[in-house]
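Visitor: Could you take me through one part of this model slowly? I would like a close look at the ligand and what surrounds it.

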Amino acid sequence: MSEINIAVIGAGVIGKRHMQEIANSDRCRLAAIADPSPEADHEAATLGVALYKDYRKLLDTERLDAVIVCTPNSTHVDVGMACIDRGIPVLIEKPISDDLATALALAEAARAARVPVLVGHHRRHNPMVRAAKKVISEGRIGKLVVANIMCLVYKPDVYFAVPWRRRTGGGPILINMIHEIDLIRHLCGEIASVQAVSSSGTRGHEVEDSAACTLELENGTVANISLSDVAATPWSWDTAAGEDRELFDYRPVPTHFFAGTNGALSLPDRTLWSYDGEKGRHRPIHDERIPIEEENVYANQLRHFIDVVSGVAEPLIDAHDAAQTLAATLAVMEAARTGRKVHVSADNRFRTGEAIA
Ligand SMILES: NC(=O)c1ccc[n+]([C@@H]2O[C@H](COP(=O)([O-])OP(=O)(O)OC[C@H]3O[C@@H](n4cnc5c(N)ncnc54)[C@H](O)[C@@H]3O)[C@@H](O)[C@H]2O)c1
């Protein structure tokens, strides 16, 4: 396929990032933008592309090979469905939806129409994640027993000037923790049940500002995630992994810890801990660094999307897979709301289980 025509729907923070990658690629071009906000006028004029206030008009007017959806969470399914209805392959930003039933409906519509859907869980395109998956799956740390993850950031007040980020469905569980849950599913295994607490006590918004959850995986691994968007720390993937150094400060401190029966791995510093011979806390434990070549994760994601659109690759994370990540993430919200353990079953449904004594 020659240069492919991509439209971006939603020209906010992440939409601009995708447009930057499209501009840097010689395999695609930005065909047009859809966004009803006045700020998008300036963006489109600067880039010299057509701007549509209504995304349906864009889809019905432009000759498009692909679309990237970067609108607020609650609109992802409507926009994604409009692309699928027209047979246009689509990259939908995460979360695929803010609701499981519509996410599953979209996954089914994509399957029935044979339209590829890639979901923007961009960490799966990170070489560091590929290296960690290899270390864990090859058994280099033995049987994985515990994962401990920190996602502790401070979002300035201006971030919350956008109303959808203050309302249910726009909070850090669905915006940030979902990345951690997808990473756990990808690196550690499927999630069987969830217990959680959340608090909105610091900011006082409708959405939570902090949460903690414990996940039990089908393979018996236990995973903990600590989350806050009102915590002034460097302990988050955004700051430590350096995926977007224009948007976030870069401090490569360890934030993700994977503990196995024979050793341990921390990310993003990629330190692998292991014993020589006999293991035990009385014995010296050694560290080594897993080497990788740094790569632009968003460029990798775009290249992969172009391969998907061109029919030479299957989506690394499709709508059905992303719905499973969403199911586990919504289960965290449900567990925090009810104070009960929530079971996540393989068919993407979750149910509230027994009360925690
Ligand atoms: N993968 C990542 O790391 C990552 C990072 C940031 C955001 N996101 C996701 O991207 C989405 C957008 O987040 P953001 O931070 O860029 O938000 P944002 O508020 O900065 O941008 C959203 C844009 O969508 C526009 N919009 C709203 N309704 C629209 C519609 N019906 N048609 C067209 N445009 C519409 C808004 O005017 C705005 O410009 C969210 O779902 C978020 O979870 C993903």
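Guide: Happily; here is a walk around the ligand and its shell. This is a predicted model, where local features need pLDDT of at least 70, side-chain atom pairs count only at pLDDT 80 or more, and totals for chains, interfaces and linings use all residues. Residues are numbered from 1 along each chain as its sequence is written, and side-chain values use heavy atoms, with hydrogens and water left out.

Around the ligand sit 27 residues, each with a heavy atom within 4 Å of the ligand. Asp35, Asn73, His76, Lys94 and Arg165 are the closest. By type, the shell holds 14 nonpolar, nine polar and four charged residues; Ala, Val, Leu, Ile, Met, Phe, Trp, Tyr, Cys and Pro count as nonpolar, Asp, Glu, Lys and Arg as charged, and the others, Gly among them, as polar. Helix 1 and helix 7 (172–187) each give at least two residues to this shell, a helix being a DSSP run of H or I with at least four residues, numbered from the N terminus.

Now for the polar contacts, meaning pairs of N or O atoms within 3.5 Å. Asp35 places a polar side-chain atom 2.6 Å from a ligand oxygen. For His76, a side-chain N or O atom is 3.0 Å from an oxygen atom of the ligand. Lys94 takes part through its backbone, where a polar atom is 2.9 Å from a ligand oxygen. Taken alone, the ligand exposes 840 Å², and the protein buries 83% of that, with areas from the Shrake-Rupley method and a 1.4 Å probe.

Definitions and conventions: Polar contact = N/O pair within 3.5 Å; in protein donor to acceptor, adjacent residues only side chain to side chain.
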